[in-house]
Amino acid sequence: MLNVVGAHSQIQIKREAQGPKFRKQRERSVMAAVGAPREVAGNENSLEIDSLARFAVDEHNKKQNALLEFKRVISAKQQVVAGTLHHITLEAASGDSKNVYEAKVWEKPWMNFKEVQEFKLAGDGSDA
């Protein structure tokens, strides 16, 4: 236990000796990682992501008086904000044509809050 504390003290002294330039570089690298969108593993099989994608399509249909039909989730990322911002790429159909859409859904589960921040056409479904 004493060795760990001693090693920690040596690291701290070394950092302080490098001065404010080292601290600013470290702060910048840490700040870039905090809150950055990250991939969601297994998103194709996630009921939670599927539900959020369906919610985004339903909300879009209500606001735009559209008839899009959710087909599948292509990819998903999560970003920690005041809650979670889900970046979802999904496939939806309108009649016989399938298209790819990008949706951003903001969720605060402790407040029972969900809101579609963005829903836009990303491309047609021919290459997805």
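**Exercises on the fold, helix H3 and Gln79**

From the N terminus on, the protein chain runs α-α-β-α-β-β-β-β. This is a predicted model, in which local features need pLDDT of at least 70, side-chain atom pairs count only at pLDDT 80 or more, and totals for chains, interfaces and linings use all residues. Residues are numbered from 1 along each chain as its sequence is written, and side-chain values use heavy atoms, with hydrogens and water left out.

**Exercise 1.** Determine how many helices and strands the protein chain has.

*Solution.* The chain comes to 3 helices and 5 strands; these are DSSP runs (helices H or I, at least four residues; strands E, at least two), numbered from the N terminus.

**Exercise 2.** Describe helix H3 and its ends.

*Solution.* Step 1: H3 covers residues 47–64 and reaches 25 Å from first to last C-alpha, close to the 26 Å expected at 1.5 Å a residue (1.5 Å times one less than its number of residues). Step 2: at the N-terminal end, Ser46 acts as cap, with a side-chain oxygen 3.4 Å from the backbone nitrogen of Glu48. Step 3: after H3 comes Asn65, with a positive phi near 50°.

**Exercise 3.** Establish whether Gln79 is buried or exposed, and identify its contacts.

*Solution.* Step 1: Gln79 belongs to strand E2 (residues 69–81). Step 2: its relative accessible area is 18%, so Gln79 is buried (under 20%; exposed is over 50%, partly exposed in between; 1.4 Å probe, protein chains only). Step 3: beyond neighbours within four places in sequence, the residues in contact with Gln79 include Gly35, Pro37 and His87 (heavy atoms within 4.5 Å).

Methods: A polar contact is a pair of N or O atoms within 3.5 Å; within protein, one must be able to donate a hydrogen and the other to accept it, and residues adjacent in sequence count only if both atoms are side-chain atoms.
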